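These are my notes on backbone angles and nonpolar packing. I begin with the term that the exposure entries rely on.

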Amino acid sequence: MKTIWCFVLMLFGLGAAQAAELKIASLHPLLSEMARNIGGEAVEVVDLFPANGDLHSFAPGSKQMAAAANADMLLACGKGIEPYLAELAESMPEDTVILGLGRDIPNVYLPNSRRADPHWWNTPENMKRASRTLLATLSQLAPAQQATFTAGQKKYAATMDALTRKARLQFSRIPQNRRYLVTGHAAMCHFCEEFGFTPITIHGISKESEGDTATLAALLNDLRAKDVRCIFTEVGASPKILEVIAEQLGVPTAPLVLDGVFPGQQSYEKLFMHNVNTISKHLK
Ligand SMILES: [Zn+2]
């Protein structure tokens, strides 16, 4: 009987719980996680990104738009990774705050290129920077909750700092001459700059383009001249050309998480440490 009453009281408690102060619609699961960490119970986060989505081809449809209705804030990565963002913003109510969290993060350019790598989330330091931007915006929208937001951001930043330290420790065992990060699409420039690697990419920023054979031959020559120990493929992307290159060089392939999204989404900590452990294992 006692148990039943406890259950009833619990239900009552849940029913009477205060509605979250801010509704946040998020275009990337890692940003959703950040918003939940900083906002706590003061925010309701709605994920717009589908479980099996591809970051480079996704665009919100009517289902996502319905889920985002009445959101106080739309959280995006920014830096051009959401080409539909301006159009999406137009279709939302005027008072919805559109926040591209890459806004305050310095650009890192692709090697020999003027194109900036939009994959800023691949370093915990950038996630920490983004969390400060989010803290400032949330505090403006709901000043009464500032203490909650500040405490959440402080904890989040400490987690990111711990990840940076772990990564640095592991990477300190990799000799300088093996610090080449060969990936399919150009997604690790921020990571490489932060942790002292040289990025080499087979495609451009998107995943689809395949290099022509002349480019491939030149690339193979270039890779043969370097101490390349592994070709890093991507969880969820077709690695055919990367397998060919690895075979030609006689080195293994290993998958990284480049876009921060994949089916059965895991925490930032797990995704980042997967990358750190995989790189460390193959290059040290
Ligand atoms: Zn990407």
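Entry 1, terms. I call a residue exposed if 12 or fewer other C-beta atoms lie within 10 Å of its own, buried if there are 20 or more, and partly exposed in between. I note that the model is predicted.

Entry 2, N112. I looked up phi for N112 and found a positive value of about 50 degrees, although N112 is not a glycine. I placed N112 in the loop between β4 (97-100) and α5 (124-141). Is N112 buried or exposed? N112 is exposed, because 5 other C-beta atoms lie within 10 Å.

Entry 3, K79. I found that K79, also a residue other than glycine, has a positive phi, near 55 degrees. I located K79 in the loop between β3 (73-76) and α4 (85-91). With 17 other C-beta atoms within 10 Å, K79 is therefore partly exposed.

Entry 4, the nonpolar core. I turned to the largest nonpolar core and read off 67 residues. Those with the most contacts inside this core are I24, L31, M34, A35, I38, L75 and L134. Which helix gives the most to this core? I found that helix α10 (residues 268-283) does, with 6 residues. Why does this core lie between domain 1 (19-166) and domain 2 (173-283)? Both domains give residues to this core, so it lies between them.

Entry 5, L134. I then looked up the contacts of L134, leaving out residues up to four places away in sequence. L134 touches M34, A35, I38 and L101.

Note on methods:
Residues are numbered from 1 along each chain as its sequence is written. This is a predicted model: local features need pLDDT of at least 70, side-chain atom pairs count only at pLDDT 80 or more; totals for chains, interfaces and linings use all residues. Helices (H or I, at least four residues) and strands (E, at least two) are DSSP runs, numbered from the N terminus. A nonpolar core is a set of buried Ala, Val, Leu, Ile, Met, Phe, Trp, Tyr and Cys residues joined through C-beta atoms within 7 Å. Domain bounds come from an automatic or database domain assignment. Two residues are in contact if their C-beta atoms, placed from the backbone, lie within 7 Å.
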